[in-house]
Amino acid sequence: MAVVFEKPKTLTDATLHYCPGCTHGIIHTLVAQAIEELGIEGKTVGVAPVGCAVMAYNYFTCDMVEAPHGRAPAVATGLKRALPDNIIFTYQGDGDLAAIGTAETVHSATRGENITVIFVNNAIYGMTGGQMAPTSLPGQVTQTTPYGRDTSVAGYPVRVCEMLSTLDGVAYAERVSVDSVPNIRKARAAIKKAFENQINKKGFSIVEVLSSCPTNWGMTPAEALDWLRDNMIPYYPLGVYKDITGGEK
């Protein structure tokens, strides 16, 4: 019988710890597929964040380093400069990358560090119980905004791809989603391209992945995907925001 699909060999057999309906598992698979298809497992080093994906080192078969909260781009910079022939990627959530790690993200991007950043945006702090994140939408109810995010007090969400695309050091910035099969296919292609850019020494590449958080959103997995489509995608439009290899949004 022909094999139609199998788990990438670049994922371990460890059971994922994520909540039911969480799309981190899909994103892990897409990263693992890119590493496997490009044949770079033996020289790839991933940097795990603090957040829901803190135990990502259990799931990828490549070498992994655990970074302090928000410091993944700084750790990745050190790894890439010490091991320039290795492929270095970070896997970060919105709290890790766009709150405590904003400075590390912006400065590694503006320096044009030749690394790959996978940024998972679920518009909320997941691991710590559902507080407002830098990416929480206006009016979004969270543990710390029970009446909805008030922009007159809390300000507006950070649009990471739009912000980073203005920096000269950024080679590639694309926002994708994993809410449907067509969008998952686009996300897979974007993640693979971000790794290819590093192989080809193009500079800093970031793929922002819109993701759901059914537990902290207080929804079923199906409802969470609908909420992502109806609310997150209109506020965070999908597409390529910068690509020095051809075309900008």
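## Exercises on helix packing

In this predicted model, Ile26, Leu30, Val31, Gln33, Ala34, Ile35, Glu37 and Leu38 of H1 meet Ile184, Ala187, Arg188, Ile191, Lys192, Phe195, Glu196 and Ile199 of H7.

**Exercise 1.** Determine how the residues of the contact of H1 with H7 divide by class, and how the two helices are oriented.

*Solution.*
1. The contact residues divide into 11 nonpolar, one polar and four charged.
2. H1 and H7 pack at an angle of about 45°, and their axes lie 9 Å apart.
3. Angles of 65 to 115 degrees count as roughly perpendicular and those under 35 as roughly parallel; the angle here makes H1 oblique to H7.
4. The crossing of the two helices is right-handed.

**Exercise 2.** Establish to what extent H1 is enclosed, and what covers its buried residues.

*Solution.*
1. H1 spans residues 24-38 and reaches 21 Å from its first C-alpha to its last, close to the expected 21 Å.
2. Buried means under 20% relative accessible area; the buried residues of H1 include His24, Gly25, Ile27 and His28.
3. Of the 15 residues of H1, 11 are buried, so the helix is largely enclosed by the rest of the structure.
4. The cover includes strands E1, E3, E4 and E6 together with helix H7.
5. Just after H1, glycine 39 has a positive phi of about 65°.

**Exercise 3.** Describe the packing of H2 with H4.

*Solution.*
1. H2 (residues 72-82) and H4 (residues 102-110) pack at about 40°, with axes 7 Å apart.
2. The two helices are therefore oblique to each other.
3. Pro73, Ala74 and Thr77 of H2 make the contact with Glu104, Thr105 and Ser108 of H4.
4. By class, this contact has two nonpolar, three polar and one charged residues.

Key: Residues are numbered from 1 along each chain as its sequence is written. This is a predicted model: local features need pLDDT of at least 70, side-chain atom pairs count only at pLDDT 80 or more; totals for chains, interfaces and linings use all residues. Side-chain values use heavy atoms; hydrogens and water are left out. Helices (H or I, at least four residues) and strands (E, at least two) are DSSP runs, numbered from the N terminus. The expected span of a helix is 1.5 Å times one less than its number of residues. Buried means under 20% relative accessible area, exposed over 50%, partly exposed in between (1.4 Å probe, protein chains only). Contact means heavy atoms within 4.5 Å. Axes are lines fitted to C-alpha atoms, for helices over the stretch in contact, and angles run from 0 to 180 degrees between N-to-C directions. Angles under 35 degrees count as roughly parallel, over 145 as roughly antiparallel, 65 to 115 as roughly perpendicular and the rest as oblique. Ala, Val, Leu, Ile, Met, Phe, Trp, Tyr, Cys and Pro count as nonpolar, Asp, Glu, Lys and Arg as charged, and the others, Gly among them, as polar. A crossing is left-handed if the near helix is turned anticlockwise from the far one by less than a right angle, and right-handed if clockwise.
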